[in-house]
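This report introduces one protein structure to a reader who has not met it before. It begins with how the chain is divided into elements and then moves through the interior, the empty spaces and a few single residues.

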Amino acid sequence: MMGQFLRNNRVMAIILTVLRVYLGWTWLSSGWGKVMGEFNAGGYLQNAVANPVMNGEVMKYPLYVSFLENVAVPGADIFSVVVAWGEVLVGLGLIVGIFTSAAAFFGAVMNMAFLFAGTVSSNPWMVIVAFVIMAAGANAGRYGGDRWVLPYLKSLFANKFKKNNDLGINTAKPIKEAI
């Protein structure tokens, strides 16, 4: 019942648009400063390794700290670019409303990475808003670019598989969509 309300209600679409644009602006403004400045994630990553999240004397996320230590810190220059541009692209996707669910997903992934590193700040509420946007699906982008992009892509791929059935799948019957 709640899922249908999130996915189909027009009033909820307006509320989701406000949430989506606000979250997108948060990501865009954070990322834009990094892209235009001399951002380097190396110090942040080294600090996350040196001061991991602890539960008493036990490290809370040892696999994540190992990943940071062995992959992220040596590749800090690459991670700096990925984080900065990732924040900008997530922000633009949410503001414009194109590939809204994907933008919310990748934003939540970045938020979770920051949380695992021990940075709480605004990350928890951003994760919650991202999950609401993902649960709403296409309704979150109803008043955005998804209104035109998603139907176009759906028709493009539907026509491609009807005309070019190389997979041997019976496309004579319509595929029942998942609920």
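Helices and strands are here DSSP runs, a helix having at least four residues (H or I) and a strand at least two (E), and they are numbered from the N terminus. The model is a predicted one.

## Overall build

The protein chain contains 8 helices and 2 strands, and, when it is read along the sequence, these elements follow the pattern α-α-α-β-β-α-α-α-α-α. Of the 179 residues in the protein chain, 32% are buried. Among the contacts in the protein chain with a separation of 6 or more, 74% join residues that are 24 or more positions apart.

## The nonpolar cores

In soluble globular proteins, nonpolar side chains tend to be buried together. The largest nonpolar core in this model has 19 residues, and the members that touch the most other members are Leu23, Trp27, Leu94 and Ile133. Helix 2, helix 5, helix 6 and helix 7 are the elements that give two or more residues to this core. Apart from this core lies another one, of 10 residues, which includes Ala41, Leu45, Val49 and Tyr64.

The surroundings of Leu94 can be described one by one. When its neighbours within four places in sequence are left aside, Leu94 is in contact with Arg20, Val21, Leu23, Gly24, Trp27, Thr100, Ala103, Ala104 and Ile133. Another pairing across the sequence involves Tyr22, which is found in helix 2: the C-alpha atoms of Tyr22 and Leu94 are separated by 8.6 Å, although the two residues are 72 residues apart along the chain. Tyr22 itself is exposed, because its relative accessible area is 51% and exposed means over 50%.

## One side of helix 3

Which residues of helix 3 are buried? They are Gly42, Leu45, Ala48 and Val49. These residues cover an arc of only 130° around the axis, and therefore they lie on the same side of helix 3. Helix 4 and helix 5 are included in what covers the buried residues of helix 3.

## Empty spaces

Rolling a probe the size of a water molecule over the atoms shows where empty space is left. The largest pocket has a volume of about 540 Å³. It is lined by 28 residues, of which Val83, Glu87, Met110, Ala113 and Phe114 are the closest to its centre. Helix 2 (10-36), helix 3 (42-50), helix 4 (62-72), helix 5 (76-96), helix 6 (100-116) and helix 7 (123-136) each supply at least two residues of this lining, and helix 6 gives the most, with 6 residues. By class, the lining of the largest pocket has 18 nonpolar, 8 polar and 2 charged residues.

There is also 1 cavity of 30 Å³ or more in the structure, and the largest cavity has a volume of about 30 Å³. Its lining consists of Ala48, Pro52, Val53, Tyr61, Tyr64, Val65, Leu68, Phe116 and Ala117, which divide into 9 nonpolar, no polar and no charged residues. The largest share of this lining, 3 residues, comes from helix 4.

## Residues in the loops

Three loop residues can be set side by side by their location and relative accessibility.

| Residue | Loop | Relative accessibility |
|---|---|---|
| Phe39 | between helix 2 and helix 3 | 31%, partly exposed |
| Phe99 | between helix 5 and helix 6 | 44%, partly exposed |
| Ser121 | between helix 6 and helix 7 | 59%, exposed |

For Phe39, the C-alpha atom is separated by 6.7 Å from that of Ser80, a residue 41 residues apart from Phe39 along the chain. With its neighbours within four places in sequence left aside, Phe39 is in contact with Lys34, Ser80, Val83 and Ala84.

For the other two residues in the table, the backbone is what calls for a comment. Phe99 has a phi near 55°, which is a positive value in a residue other than glycine. Ser121 is not a glycine either, and its phi is positive, at about 30°. Phe99 counts as partly exposed because its relative accessible area of 44% falls between the limits of 20% for buried and 50% for exposed.

How values were computed. Residues are numbered from 1 along each chain as its sequence is written. This is a predicted model: local features need pLDDT of at least 70, side-chain atom pairs count only at pLDDT 80 or more; totals for chains, interfaces and linings use all residues. Side-chain values use heavy atoms; hydrogens and water are left out. On a 1 Å grid over the protein atoms alone, a cavity is a set of points where a 1.4 Å probe fits but cannot get out, and a pocket is an open set with protein on both sides within 12 Å along at least five of seven lines; lining residues have an atom within 4 Å of a point. Grid points are joined across faces, edges and corners, and a volume is the space filled by probe spheres set on the points. Ala, Val, Leu, Ile, Met, Phe, Trp, Tyr, Cys and Pro count as nonpolar, Asp, Glu, Lys and Arg as charged, and the others, Gly among them, as polar. Buried means under 20% relative accessible area, exposed over 50%, partly exposed in between (1.4 Å probe, protein chains only). The arc is that of the directions from the helix axis to the C-beta atoms. Contact means heavy atoms within 4.5 Å. A nonpolar core is a set of buried Ala, Val, Leu, Ile, Met, Phe, Trp, Tyr and Cys residues joined through side-chain atoms within 4.5 Å.
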